[in-house]
Amino acid sequence: MMPRIIVDMDGVLANTYVKFIDRYEAAFGRRPTHEELLGRKVYDLEGAADIRNAMHEEGFFRDLEVLPGAVEVMKELYDNYEVYIVSTASEFKHSYRDKWEWLEEHFPFISFQRIVFCGNKSIVHGDFMIDDKVSNLKGFNGTGLLFDALDNHYDEEYHRVHNWEEVRTYFQEERNRTRAMQA
């Protein structure tokens with residue numbers, strides 16, 4: 001039986017930061033600094049709470065950038081593990097279709113049977129979870145990998161992966177450890 005990996009979408013496969021930063025710039029006439037964003041979301045900045053409402057708009061999740069290396073590493077993981085995409089989508093009714101079409105375009109090798117849209121990730125179980133949100137990792141029964149993001153900069157509870165190359169390395173080492181234990 002192959003180990004199961006749960007992979008988040010927003011902030012892990014898809015870059016939502018760019019959209020929020022663009023909205024912030026449109027509203028305030030400047031881009032937030034790196035320092036302003038450490039430990040918080042763009043919409044947590046003073047006066048920017050309304051920017052979060054963009055997630056309720058049809059199309060918001062449809063044209064997000066794919067994070068560098070995500071497609072290639074996900075293909076490798078998909079061949080060696082039982083990989084599921086799990087994304088909280090219930091709060092944003094248009095996100096279901098947007099996310100489905102985005103996955104279909106960028107990750108066509110992922111079966112519809114391996115895509116889970118939910119309201120709370122505590123319902124999923126597996127061996128590993130890659131997520132940028134600590135609260136999702138806290139209720140997880142397996143090993144949590146914190147995907148690096150500005151808003152989780154100060155969180156130190158989980159093994160941090162900064163990019164998809166580090167995800168690749170982590171799971172190559174994990175496979176090597178497993179082989180060594182079986183030998």
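Three short exercises on the core and one helix pair of this structure follow.

The model is predicted: local features need pLDDT of at least 70, side-chain atom pairs count only at pLDDT 80 or more, and totals for chains, interfaces and linings use all residues. Residues are numbered from 1 along each chain as its sequence is written, and side-chain values use heavy atoms, leaving out hydrogens and water.

**Exercise 1.** Find the largest nonpolar core and the helix that gives the most to it.

Step 1. A nonpolar core is a set of buried Ala, Val, Leu, Ile, Met, Phe, Trp, Tyr and Cys residues joined through side-chain atoms within 4.5 Å. Buried means under 20% relative accessible area (1.4 Å probe, protein chains only).
Step 2. The largest such core has 47 residues. Those with the most contacts inside it include Leu-77, Trp-164 and Phe-171.
Step 3. Helix 3 gives the most, six residues. Helices are DSSP runs (H or I, at least four residues), numbered from the N terminus.

**Exercise 2.** List the contacts of Phe-171.

Step 1. Contact means heavy atoms within 4.5 Å.
Step 2. Set aside neighbours within four places in sequence.
Step 3. Ile-5, Leu-77, Tyr-81, Phe-128, Ile-130 and Leu-145 remain.

**Exercise 3.** Describe how helix 3 and helix 6 meet.

Step 1. Their axes, lines fitted to C-alpha atoms over the stretch in contact, come within 9 Å and cross at roughly 20°. Angles run from 0 to 180 degrees between N-to-C directions.
Step 2. The two helices are therefore roughly parallel (under 35 degrees).
Step 3. Residues of helix 3, among them Met-74 and Leu-77, meet residues of helix 6, including Trp-164 and Phe-171.

Technical notes:
Buried < 20%, exposed > 50% of the residue type's maximum accessible area, 1.4 Å probe, protein only. Parallel < 35°, antiparallel > 145°, perpendicular 65-115°, else oblique.
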